[in-house]
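Colleague: Please take one part of this model and look at it closely, beginning with how its elements are defined and then working outwards to whatever surrounds it. A connected account would serve me better than a list.

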Amino acid sequence: MKKKYLTIGDLKRNAFIVAAAACMGLTGCGSNNQSEEWNAEEEVAVPDGVITEMTEEAPDQWKITDEQTTAPGQSMAILKYSDGRVDTLKGLELENQLKNIANNQQQYQQGGFGMGNVLWWSALGYMAGRNMAPRAGYYANPGLINNTNAWRQNVQTYRQRATAPSSGRSGFFRGRSGGAGA
């Protein structure tokens, strides 16, 4: 008797196997424990705050002139206007500005050197939720980016911890949560 072997290129069979494996993996590996849900919506405490100093070079044309880390909860934006005025955004005022920027990310990712755009590409923008690396063009001296490299790495670490499942397991193939008794 000759056995019939299916070819690797059998699309319908392969699709069925992948679908069946995915269903078994999703139902067989999950737990009934709700504590394993992702915590993506929870805020994560950042290890340090950041002070971003911005200078207006021309009307509504800003550049980041300094960035430094500070104590947690002490973040601020120091705004130096071209007419000599100095303004400081901190506390609730800064928080509201950063929320506005985070809610309108598409607008600020397009470019331009307005205050909102420059804040978005600063370390404060990273704290507000930007995941991309800073753009050197928004800094008066691109070497200033190095001042907050370690800080950005700490923020990334905290973000990863906040979005990981509380049990430490992740993904579809995280092992059986129950076992057959022997």
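Modeller: Helices and strands here are DSSP runs, numbered from the N terminus, with H or I over at least four residues giving a helix and E over at least two giving a strand. On that basis the protein has 6 helices and 4 strands, which follow one another along the sequence as α-β-β-β-β-α-α-α-α-α. This is a predicted model, in which local features need pLDDT of at least 70 and side-chain atom pairs count only at pLDDT 80 or more, while totals for chains, interfaces and linings use all residues. Residues are numbered from 1 along each chain as its sequence is written, and side-chain values use heavy atoms, with hydrogens and water left out.

The part I have chosen is the second helix, together with the sheet that carries it. Helix α2 runs over residues 91–103, 13 residues in length, and its first and last C-alpha atoms lie 18 Å apart, close to the 18 Å expected at 1.5 Å a residue (the expected span being 1.5 Å times one less than the number of residues). L94, L98, I101 and A102 are its buried residues, where buried means under 20% relative accessible area, exposed over 50% and partly exposed in between, for a 1.4 Å probe and protein chains only. Seen down the axis of α2, these buried residues fall within an arc of 95°, so they line one face of the helix; the arc is that of the directions from the helix axis to the C-beta atoms. An α-helix has 3.6 residues a turn, so residues three or four places apart point the same way. On the other side of α2, L92 and N103 are exposed. G91, also in this helix, counts as partly exposed because its relative accessibility is 48%, and its C-alpha lies 7.8 Å from that of Q74, although the two are 17 residues apart in sequence.

The cover over the buried residues of α2 includes strands β3 (76–80) and β4 (86–90) as well as helices α3 (105–109), α4 (115–120) and α5 (123–128), contact meaning heavy atoms within 4.5 Å. Those two strands belong to an open sheet of 4 strands, ordered β2-β1-β3-β4 with mixed pairing, two strands being paired if DSSP finds at least two bridges between them. At the edges are β2 (61–70) and β4, each of which pairs on one side only. Neighbouring strands of the sheet are turned by 20° against each other on average, direction ignored. Against this sheet α2 packs by touching β3 and β4, its direction making about 80° with that of β4; axes are lines fitted to C-alpha atoms, for helices over the stretch in contact, and angles run from 0 to 180 degrees between N-to-C directions.

Within the sheet, β1 (residues 49–58) and β2 are antiparallel over 9 bridges, with G49 bridged to T70 in β2. β1 pairs with β3 in the parallel sense over 5 bridges, and M54 stands opposite L79 in β3. The pairing of β3 with β4 is antiparallel, again over 5 bridges, and here I78 stands opposite T88 in β4. In the hairpin of these two strands, which has 5 residues between them, G84 takes a positive phi near 100°. Strand β3 is mostly covered, with 4 of its 5 residues buried.

The surroundings of α2 can also be followed through the largest nonpolar core, a set of buried Ala, Val, Leu, Ile, Met, Phe, Trp, Tyr and Cys residues joined through side-chain atoms within 4.5 Å. Of its 26 residues, M54, W62, A77, L79, M115, L119 and L124 touch the most other members. At least two residues each come from β1, β2, β3, α2, α4, α5 and α6 (149–163), and the largest share, 4 residues, is supplied by α4. Beyond its neighbours within four places in sequence, M54 is in contact with residues including W62, I78, L79, M115 and L119.

Helix α6 offers a companion case, since W151, R152, V155, R159 and A162 are buried in it. Their arc, seen down the axis of α6, is within 100°, so they too line one face of the helix. That buried set is covered by elements including β1, β2 and α5, while the face turned away carries the exposed residues A150 and R161.
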